[in-house]
Amino acid sequence: MTPDHEVRFRSVLDDVAAYKPGKPPERTDGRPTYKLSSNENPYPPLPGVLAAATDAAANMNRYPDMGALDLLEALSERFGVPVSDLALGTGSVAVLYHLLQAACGEGDEVVYAWRSFEAYPIAVQLTGATSVRVPLTDDARHDFKAMEAALTDRTRVVLVCTPNNPTGPVVRRDELLAFLDVVPRNVLVVLDEAYREFIREPETIDGVEVYRDRPNVVVLRTFSKAYGLAGFRIGYAIGHPPVIAAIRKCALPFGVSEVAQAAAVASLRAEKELLERVEALVVERTRVVDELRASGWKVPETHANFVWMPLGEETVAFSEALQAEGVSVRPFPGEGARVTIGEREANDLFLTIACAWRQ
C-alpha cells in the first residue's frame, strides 16, 4: 500500500519499460571505435545544411516558429500535399506518441507486428491501451493474415513498420493493399516509413501514394536517418486533415526547434546530394549482406540502413565480442542483433568478427 505522504502516479507506469537507446562503443586502448547501434547516418552534415543550422542558432533567444511555415511549405512542395495534411514533431516517434494519445484510451487495442520498433509498446501503454503483438513470419516479415485475424471491435490503430525495424524487410504493394482493404475504415493505419529512402524493392509502394485516397491511413517519415539530422529530432506525418488536426492538438507547443526547422529545409534543398550518400550506404549494405551470407549467416533481406542478425541465445555473447573490439550494435537478448550500416572501416571490422563467428 502506498503511504499517504508519497506522490502517486498512474498505475499504467508500473509496467512500462524504459526505451533503450543504442549504446556507444567502449574502448580505452586508443584504437578507433564505431557505433553501429543507433541507425545513424555516418556522414557529417553537408556544408549548406550546417550553415543553415548555424545561422538559425543565432536566434536561440527567441521561440521557434510554432507553425513551422517554411518547412511545411517545403514538404508540401516536395510531396505534392497540402500543408493541412502535414504535422511535425521531435522525430517521427514523437508524432506517433501524439497520434496514439489522440486515438487511444483505456480498453482500446493497437495491433502491430513483433518484433518491430521498440518504442511501439511503450507508446501504446502510456495511453492506457493494450498492445496486440502479431509474430513476424519465419523470414522476419509482417504476417498480414495473422494481423487481420487480430483485429477486433476494440482495435483503434494498426502500426505497419516498412522497412521493419529491426529486421529489415519491406512490405510489398499487393500485401499492403489487400490488408488495407479489410481493415475497417474507422481504424487508423499508420505506415511508419522512417527508412523509406533506403528501399530498392520494386514491388513496394510509397505510403504517400496510399494515403491520398484512404482517409484512415497516415504516413510517418523522419529527417533522422537518410537526411542525417538525428541530433536535431525532427519528423513528420502526412495524413488527411482530421488526423493531422488531432496530432497537432496533442503536440508539445514549440517542440521543433528553429535550428531543426532550418536544417530540415536546407536538407530538402540538398536532397540530391543527400540521396547520393544514401545510395552509397545501399551499396555498402549489399556488400555486407553478401559477405555475411557467403560466410553462412542466414540474414533476412533488408531495405533499411541496417542488417538483422538472427542469433537467438548467442545474441549477448556476440554483441559483447563486438564491443570488445570497439564496435557497438543493438542486441535484443534471446532474439538477435541489429547492426547499422556505417562507414566502410566499421563495416569491415564487424564483418571480420561476424564471419569468424560462423567458422
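This is a dialogue on reading strands, ring pairs and unusual backbone geometry in a predicted model.

Colleague: Where should I start with the strands, and how buried or exposed is strand β6?

Modeller: Start with burial, residue by residue. A residue counts as buried under 20% relative accessible area. In strand β6 (residues 188-192), five of the five residues are buried, so the strand is largely enclosed by the rest of the structure.

Colleague: Which residues lie on each side of β6?

Modeller: L188, V190 and D192 are on one side, while V189 and L191 are on the other. Both faces are covered.

Colleague: Which strands pair with β6, and in what sense?

Modeller: Strand β5 (residues 155-161) is joined to β6 by five bridges, and the two run parallel. One place to look is V157, whose bridge partner in β6 is L188. Between these strands the chain passes through helix α6 (residues 173-182), making a right-handed β-α-β crossover. Strand β7 (residues 217-222) also pairs with β6 in the parallel sense, over four bridges. Here L191 stands opposite V219 in β7.

Colleague: Next, the aromatic rings. How many aromatic pairs are there?

Modeller: Rings pair if their centres lie within 6.5 Å. By this rule the count is 13 aromatic pairs. Take Y112 and Y120 as an example: the ring centres are 5.6 Å apart and the planes stand at 65°, so the pair is edge-to-face.

Colleague: Why is that angle enough to call the pair edge-to-face?

Modeller: Because planes over 60 degrees apart count as edge-to-face, and the planes of Y112 and Y120 are at 65°. Y120 also forms an edge-to-face pair with F117, at 5.5 Å centre to centre and 80° between the planes.

Colleague: Are these three residues buried or exposed?

Modeller: Y112 is buried, with a relative accessible area of 0%. Y120 counts as buried at 1% relative accessibility, and F117 is buried too.

Colleague: Which rings are linked into a cluster?

Modeller: Ring pairs link F79, F223, Y227 and Y236. F79 also has a charge over its ring: the charged end of R78 sits there, 4.7 Å from the ring centre.

Colleague: What sits over the ring of W114?

Modeller: The charged end of R133, at 4.5 Å from the ring centre. W114 deserves a second look for its backbone, as a cis peptide bond joins W114 and R115, with omega at about 15°. R115 is in the loop between β3 (109-114) and α4 (119-127).

Colleague: How should I read unusual backbone angles?

Modeller: Compare them with the usual case. Most peptide bonds are trans, and most residues other than glycine have a negative phi. Besides the bond at W114 and R115, a cis peptide bond joins N165 and P166, with omega of about 20°. P166 lies in the loop between β5 and α6.

Colleague: Where is A68, and what is its phi?

Modeller: A68 lies in the loop between α1 (47-57) and α2 (69-79). Its phi is positive, about 45°, although A68 is not a glycine. At 3% relative accessibility, A68 counts as buried.

Colleague: What about A140?

Modeller: A140 has a positive phi of about 70° and is not a glycine either. A140 is found in the loop between β4 (130-135) and α5 (144-150). With a relative accessible area of 9%, A140 is buried.

Terms used: Residues are numbered from 1 along each chain as its sequence is written. This is a predicted model: local features need pLDDT of at least 70, side-chain atom pairs count only at pLDDT 80 or more; totals for chains, interfaces and linings use all residues. Side-chain values use heavy atoms; hydrogens and water are left out. Buried means under 20% relative accessible area, exposed over 50%, partly exposed in between (1.4 Å probe, protein chains only). Two strands pair if DSSP finds at least two bridges between them. A crossover is right-handed if, with the strands pointing away from the viewer, the path from the first strand over the helix to the second runs clockwise. Rings of Phe, Tyr and Trp (its six-membered ring) pair if their centres lie within 6.5 Å; planes under 30 degrees apart count as stacked, over 60 as edge-to-face and the rest as tilted. A charge sits over a ring if NZ of Lys or CZ of Arg is within 6 Å of the ring centre and within 35 degrees of the ring normal.
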